[in-house]
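Open the model in your viewer and keep the selection box handy. We will make a few stops together.

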Amino acid sequence: DTGIILCNTCFNQTENSFYEIESERISEEKNYLIGFLGSIVFSIPGIIAWVLIAIYLERLASGMALIIAFLGLKGYDYFKGRHGKLTKYIIVLTNIVSILIANVMTVIALLAKEGLTINQAILEFQTNQAAKDIFNQNTIISFILALLVWIWLLFIMKDKKLTIKLADKFEK
């Protein structure tokens with residue numbers, strides 16, 4: 001967003017070099033799958049922290065949804081996932097999957113804390129309405145909190161691209 005006065009030749013040279021830089025950046029980046037995997041990998045510590053907070057501090061850990069969302073974004077960038085039209089949607093999808101995994105693991109871990117084996121806890125989670133209700137409530141709260149990050153991701157965050165354009169008018 002900084003203006004500079006260039007002659008037509010210099011403008012064309014600068015525009016061409018911006019185009020080359022953008023082309024190199026796009027070709028260096030891997031693909032959406034690598035970014036998705038990076039987003040998942042970086043979300044795992046958030047999922048673990050979520051479950052530990054819920055179990056040992058006996059607190060609702062849905063606030064971790066915000067942290068998981070940002071971790072997913074950082075993981076996507078760290079693994080150099082492709083930045084394109086699908087990037088934002090892939091990160092949101094990763095966040096949804098991570099939040100669901102965290103909530104399932106939390107309910108199962110809480111049931112196991114009550115003395116059930118892991119297999120019994122999984123079976124109880126599938127059949128016990130109270131366990132399903134806890135899962136549903138926590139998931140809804142988590143999605144509401146993550147919605148703030150998703151709105152920012154989908155509608156506010158802009159890609160950083162090099163651009164150059166001719167001035168509309170020149171004032172002396």
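The tour below visits one helix and then a single residue in another. Bear in mind throughout that this is a predicted model.

**Stop 1: helix H2**

Select residues 32-56, which form helix H2. With 25 residues at 1.5 Å a residue, H2 should span 36 Å, and because its end C-alpha atoms are 36 Å apart, expectation and model agree.

Now zoom in on Ser-43, where H2 bends by about 30 degrees. Show Pro-45 as well: this proline follows within four residues of the bend.

Next, colour the buried residues of H2. Among them are the glycines Gly-35, Gly-38 and Gly-46, along with Tyr-32, Trp-50 and Ile-55. Ser-43, the site of the bend, is also one of the buried residues.

Before leaving, step just past the end of H2 to Glu-58, which takes a positive phi of about 50 degrees.

**Stop 2: Asn-95**

Move on to helix H4, residues 87-113, and pick out Asn-95 within H4. Is Asn-95 buried or exposed? Its relative accessible area is 0%, so Asn-95 counts as buried, the cut-off being under 20%.

What does the side chain of Asn-95 reach at 2.8 Å? Display the backbone oxygen of Ile-91 to find the partner. Then show Trp-150, whose side chain makes a polar contact with the side chain of Asn-95 at 3.5 Å.

To fill in the surroundings, add Ile-68, Ala-69 and Gly-72; together with Trp-150, they are in contact with Asn-95 when its neighbours within four places in sequence are left aside.

Finally, draw a distance from the C-alpha atom of Asn-95 to that of Val-149: these residues are 54 residues apart along the chain, and the separation is 9.9 Å.

How values were computed. Residues numbered from 1 in each chain as written. Predicted model: local features only at pLDDT ≥ 70, side-chain atom pairs only at ≥ 80, totals over all residues. Heavy atoms only, no water. Helix = DSSP H or I, 4+ residues; strand = E, 2+ residues; numbered from the N terminus. Expected span 1.5 Å × (residues − 1). Bend = angle between axes of the 7 residues up to and from the residue. Buried < 20%, exposed > 50% of the residue type's maximum accessible area, 1.4 Å probe, protein only. Contact = heavy atoms within 4.5 Å. Polar contact = N/O pair within 3.5 Å; in protein donor to acceptor, adjacent residues only side chain to side chain.
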